[in-house]
Amino acid sequence: MPTGFPDFRLGNVLATSFTGTLSERHGDAVERIPTPRRLVDWLAVNGLAVDSCTTAQLELARELRESIHAAATAAALHEPLSASAVQVINDRSVQGRAAAILTPDGKRRWRLSSASCVEDALSVIAADAISIIAGERDGKLALCASPTCRAAFFDTSQSRTRKWCDMNTCGNRQKKARFHASRRKNLSSAE
């Protein structure tokens, strides 16, 4: 992967991992797919390899990402879904021609119609978003408890009470902040 770009935040759910390509939405936003090449990299890491991507395809991807984020956030808050977000997700879902295939080792893989068809990859992401927002999968949509993040994530923990989109980033940052605040309070009260 090219240096100079922030690392990808990868999760187990394709659609919410995709929304994580823009993080810290309520703080200093971090764009993790700033160039078409970086989208190609993200798709490859997630089993949707394409050879190339145009600037127009990157814009389609970002529009899908923001629509999934808006719809997943509304679903997590039990609010009505935005009609425009639903339209974008549905449009991207039907525009691709990706096919699920079974590998000899029993895994699902996606076959895209061509090696340069970003639209096929976006259709797979949109279909994944539809399945989680529609409640078809075992889990629950939630929002990260970090006030600067607030990313939508799909909680598949047994208790469905996960608080952070990623324990290694947002969760760890919050735990450190609480620890340092506690230390400052203890030092202040000791004086």
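**Exercise 1. Find which residue just after α3 takes a positive phi, and compare the length of helix α3 with its expected span.**

Step 1. His-78, just after α3, has a positive phi of about 55°. Helices here are DSSP runs of H or I with at least four residues, strands are E runs of at least two, and both are numbered from the N terminus. This is a predicted model, in which local features need pLDDT of at least 70, side-chain atom pairs count only at pLDDT 80 or more, and totals for chains, interfaces and linings use all residues. Residues are numbered from 1 along each chain as its sequence is written, and side-chain values use heavy atoms, with hydrogens and water left out.

Step 2. Helix α3 covers residues 55–76, which is 22 residues. The expected span is 1.5 Å times one less than the number of residues.

Step 3. For α3 this gives 32 Å, and the end C-alpha atoms are 31 Å apart, so the two agree.

**Exercise 2. State where Ala-98 lies, whether it is buried or exposed, and what it touches.**

Step 1. Ala-98 sits in the loop between α4 (83–95) and β3 (99–102).

Step 2. Its relative accessible area is 24%, so Ala-98 is partly exposed. Buried means under 20%, exposed over 50%, and partly exposed in between, with a 1.4 Å probe and protein chains only.

Step 3. Contact means heavy atoms within 4.5 Å. Apart from neighbours within four places in sequence, Ala-98 has contacts that include Trp-110, Asp-120 and Ser-123. Ala-98 and Ser-123 are 25 residues apart in sequence, and their C-alpha atoms are 7.2 Å apart.

**Exercise 3. Do the same for Ser-131.**

Step 1. Ser-131 belongs to helix α5.

Step 2. With a relative accessible area of 11%, Ser-131 is buried.

Step 3. Once neighbours within four places in sequence are set aside, Ser-131 is in contact with Glu-136 and Arg-137.

**Exercise 4. Describe the largest pocket and its lining.**

Step 1. A pocket is an open set of points on a 1 Å grid over the protein atoms alone, where a 1.4 Å probe fits, with protein on both sides within 12 Å along at least five of seven lines; lining residues have an atom within 4 Å of a point. The volume is the space filled by probe spheres set on the points, which are joined across faces, edges and corners.

Step 2. The largest pocket holds about 390 Å³ of space. Its lining has 16 residues, and those closest to the centre are Asn-12, Leu-14, Asn-46, Arg-108 and Trp-110.

Step 3. Two or more lining residues come from each of β4 (108–111) and α5 (118–133). α5 gives the most, with four residues.
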